[in-house]
Amino acid sequence: MIFVFGSNEAGVHGAGAAQTARIVHGAMMGCGYGHVSNSFAIPTKDRTIQHTLSLDTIEKYVQGFIAYATGRPNLTFQVTRIGCGLAGLKDVDVAPLFFGVPENCFFDEKWRQYLGDHHTYWGTF
């Protein structure tokens with residue numbers, strides 16, 4: 001299962017789910033977006049790691065992830081609550097960005113109330 005986590009555009013994976021992605025799932029320092037090893041980074045903070053990206057910018061990254069996951073039905077993706085930790089965003093704002101994902105994406109249980117029962121949920125991080 002590919003661990004999908006919120007990162008920053010600089011690819012500094014030093015805390016939160018990003019640190020877990022680096023230590024446990026093979027995320028690579030310097031790679032702020034995309035699939036590396038058993039992880040997939042989706043930026044929610046800018047290159048300076050000081051500012052949270054706009055929802056419009058995050059949505060563009062999420063759309064890229066959705067296209068990637070759709071094209072790889074043989075992989076499964078464990079999507080964390082990206083942006084809802086260190087980036088300070090609200091679940092109610094971020095979860096809907098994932099409408100339209102393929103069936104090979106599993107979500108944090110906390111997003112069930114926003115995404116509905118037609119998705120698969122894995123628990124919580």
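**Figure 1. The surroundings of C31 in this predicted model.** Setting aside its neighbours within four places in sequence, C31 touches G11, H13, V36 and A41. To find C31 on the chain, look in the loop between α1 and β2. Is C31 buried or exposed? It counts as buried, because its relative accessibility is 19% and the buried class takes in everything under 20%. For a sense of distance, pick out L89 as well: C31 and L89 are 58 residues apart along the chain, and their C-alpha atoms are separated by 22 Å.

**Figure 2. The cavity that C31 helps to line.** How many cavities of 30 Å³ or more does a search of the whole structure find? The search finds 1. The largest cavity holds about 30 Å³ of space. Its lining is made by F5, H13, A27, M28, C31, G34, V36, S39 and A41. You have already met some of these names: H13, V36 and A41 are also among the contacts of C31. Two strands, β2 and β3, each give at least two residues to this lining. By residue type, the lining of the largest cavity splits into 6 nonpolar, 3 polar and no charged residues.

**Figure 3. Helix α1 and its buried side.** Helix α1 runs over residues 16-25, and its buried residues are A17, A18, A21 and H25. Why do these four lie on the same side of α1? They cover an arc of only 105 degrees around the axis, and that puts them on one side of the helix. A general rule helps here: an α-helix has 3.6 residues a turn, so residues three or four places apart point the same way. Now turn to what lies over this side. The cover of the buried residues of α1 includes the strands β1 (2-8), β2 (34-36) and β3 (39-45).

**Figure 4. The other face of α1, and the residue just after the helix.** Which exposed residues sit on the face of α1 turned away from its buried side? They are I23 and V24. Follow the chain just past the end of α1 and you come to G26, which takes a positive phi of about 85 degrees.

**Figure 5. The largest pocket.** This pocket has a volume of about 400 Å³. It is lined by 22 residues, and those closest to its centre are G6, A15, G16, A17 and L86. A17 may look familiar, as it is also one of the buried residues of α1. Which elements give two or more residues to the lining of the largest pocket? They are β1, α1 and β3. The lining divides into 10 nonpolar, 9 polar and 3 charged residues.

**Figure 6. T48 and N8, two residues 40 places apart along the chain.** T48 is found in the loop between β3 and α2 (55-70). With a relative accessible area of 47%, T48 is partly exposed. Although 40 residues of chain lie between the positions of T48 and N8, their C-alpha atoms are separated by 8.2 Å.

**Figure 7. A salt bridge between D91 and R81.** The structure has 3 salt bridges in its count, and here is one of them. The side chains of D91 and R81 meet with a distance of 2.7 Å from N to O. What does this pair tie together? D91 lies in helix α3 (residues 91-94) and R81 in the loop between β4 (77-79) and α3, so the bridge links parts that are 10 residues apart in sequence. D91 is buried, with a relative accessible area of 16%.

**Figure 8. A salt-bridge network of E109, R112 and D117.** Start with R112, which forms a salt bridge with E109, their closest N and O atoms being 2.5 Å apart. R112 also pairs with D117, and in that salt bridge the closest N and O atoms are 3.1 Å apart. Shared partners in these salt bridges join E109, R112 and D117 into one network. How exposed is each member? R112 is partly exposed, with a relative accessible area of 29%. E109 is partly exposed too, at 34%. D117, at 62%, is exposed.

How values were computed:
Residues are numbered from 1 along each chain as its sequence is written. This is a predicted model: local features need pLDDT of at least 70, side-chain atom pairs count only at pLDDT 80 or more; totals for chains, interfaces and linings use all residues. Side-chain values use heavy atoms; hydrogens and water are left out. Buried means under 20% relative accessible area, exposed over 50%, partly exposed in between (1.4 Å probe, protein chains only). The arc is that of the directions from the helix axis to the C-beta atoms. Contact means heavy atoms within 4.5 Å. A salt bridge is a side-chain nitrogen of Lys or Arg within 4 Å of a carboxyl oxygen of Asp or Glu. On a 1 Å grid over the protein atoms alone, a cavity is a set of points where a 1.4 Å probe fits but cannot get out, and a pocket is an open set with protein on both sides within 12 Å along at least five of seven lines; lining residues have an atom within 4 Å of a point. Grid points are joined across faces, edges and corners, and a volume is the space filled by probe spheres set on the points. Ala, Val, Leu, Ile, Met, Phe, Trp, Tyr, Cys and Pro count as nonpolar, Asp, Glu, Lys and Arg as charged, and the others, Gly among them, as polar.
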